[in-house]
Amino acid sequence: MEDFRERKRRGERITALTAYDYPTARLLDESGIDIILVGDSLGMVVLGYSDTTQVTFEEMLHHTRAVARGVKRALLVADLSIGTYDTPAAAVKSAQRLLAAGAQAVKLEGGLSHAAQIEAIVREKIPLMAHIGMLPQSVREEGGYKVKGRSAAEAERLLADAAAVEKAGAFSVVLEIVAPETARQITAGIGIPTIGIGSGNDCDGQILVTHDLIGLYPWFTPKFVSPEAQVAEEIRRAARIFAERTRDSSRRGSSSG
Ligand code: KIV
């Protein structure tokens, strides 16, 4: 984990993407991505839930095991899903279960409010990635995915959150949909790397939901994502060609195989 602080000091950017299954994890690992996250975004882009609040811990464990089989080189981080880290003792127990499923580090949402959980996890020598800014597990209370840290008061709170998670022992912190100027100030103000998502270019690294990056969830793409592929279109095209080939060959009375 010291390596990540060192990379920040050297100004080397950190790359992170999500994976939820074996082939994606293996492909990302082979592509040289530094951190592979089994995010609870799993709930939306793989399981078809409306948000991450419906993801169960059993689902996180199941997908972490699949991803772990595909990762040889990258750091494998898994999300503590909602309701699994309400107390320090629960947080430690849940983190240990993710490690037993193959994760090397865990992530939880919250800053100052969750310093005790972070300290408890780190005390057990489990590397912890923090997550502040827009917190998807609180989307219902928040009433949507809104930019954080625009006002001076919110920026102050986020700076305090970032300092608290660093003090509690986190090795890095995700900044989700944080106003770029606030993300820049946080990045300059702490010694652990900030990994931004929708938070501008001045973070120490960037993370995206892989489905957004590769165009595999075409029904919704966050504004801040520039997809690098259109995999959904490729799937539709291949399925259409297969269907046409099958229907044509059955009309001719032969097999499509
Ligand atoms: O669940 C997730 O994929 C995440 C990233 C978006 C940071 O938490």
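Select tyrosine 217 first. In this predicted model, tyrosine 217 has a relative accessibility of 23% and therefore counts as partly exposed, the buried class being under 20%. Now add tryptophan 219: its relative accessibility is 63%, so this residue counts as exposed, the cut-off being over 50%.

Show both side chains. A search of the whole structure finds two aromatic pairs. Tyrosine 217 and tryptophan 219 make up one of them, with ring centres 5.1 Å apart and planes at 85 degrees, an edge-to-face arrangement. The label follows from the angle, because planes over 60 degrees apart count as edge-to-face.

Next, go to phenylalanine 4 and phenylalanine 171. These two rings also form an aromatic pair, this time tilted, at 5.5 Å centre to centre and 45 degrees between the planes. Phenylalanine 4 sits in helix α1, residues 2-10. Phenylalanine 171 sits in the loop between α8 (152-168) and β6 (172-176). The pair links distant parts of the chain, its members being 167 residues apart.

Is phenylalanine 4 buried or exposed? Phenylalanine 4 is buried, at 8% relative accessible area. Phenylalanine 171 likewise counts as buried, with a relative accessibility of 5%.

Keep phenylalanine 171 on screen and select glycine 191. The C-alpha atoms of these two residues are 9.2 Å apart in space, with their positions 20 residues apart in sequence. Glycine 191 lies in the loop between α9 and β7 (194-197) and is partly exposed, with a relative accessible area of 26%.

Which residues does glycine 191 contact, leaving aside neighbours within four places in sequence? They are Arg5, Lys8 and Glu166. Of the elements already visited, helix α1 covers residues 2-10 and α8 covers 152-168, so displaying both as ribbons gives the setting for these contacts.

Move to threonine 182, in helix α9, which spans residues 180-189. Threonine 182 counts as buried at 5% relative accessibility. Show its surroundings: with residues up to four places away in sequence not counted, threonine 182 touches Gly149, Ala155 and Leu158.

For the next stop, select serine 250 in helix α11, residues 231-251. Serine 250 is partly exposed, with a relative accessible area of 48%. Then add isoleucine 195 and draw a distance between the C-alpha atoms. Serine 250 and isoleucine 195 are separated by 53 Å, although 55 residues apart along the chain.

Finally, zoom out to the whole chain and colour by secondary structure. There are eleven helices and eight strands. The radius of gyration is 20 Å, close to the 18 Å that the globule rule gives for 257 residues, so the chain is as compact as a globular protein of that length. Aligned to the principal axes, the C-alpha atoms fill a box of roughly 70 × 40 × 35 Å.

Switch to a surface view. The chain exposes about 12500 Å², with carbon and sulfur atoms supplying 53% of that area. Of the 257 residues, 50% count as buried. Where contacts join residues at least 6 apart in sequence, 56% of them are between residues at least 24 apart.

Last, colour the charged residues. How far apart are the mean positions of the positive and negative charges? The chain has 31 positive and 33 negative charges, and their mean positions are 4 Å apart.

Notes: Residues are numbered from 1 along each chain as its sequence is written. This is a predicted model: local features need pLDDT of at least 70, side-chain atom pairs count only at pLDDT 80 or more; totals for chains, interfaces and linings use all residues. Side-chain values use heavy atoms; hydrogens and water are left out. Helices (H or I, at least four residues) and strands (E, at least two) are DSSP runs, numbered from the N terminus. The radius of gyration is taken over C-alpha atoms; the globule rule is 2.2 Å times the number of residues to the power 0.38. Buried means under 20% relative accessible area, exposed over 50%, partly exposed in between (1.4 Å probe, protein chains only). Contact means heavy atoms within 4.5 Å. Accessible areas come from the Shrake-Rupley method with a 1.4 Å probe; for residues, only the protein chains shown count as cover. Lys and Arg count as positive and Asp and Glu as negative; His and the chain ends are not counted. The place of a charge is taken as NZ of Lys, CZ of Arg, CG of Asp or CD of Glu. Rings of Phe, Tyr and Trp (its six-membered ring) pair if their centres lie within 6.5 Å; planes under 30 degrees apart count as stacked, over 60 as edge-to-face and the rest as tilted.
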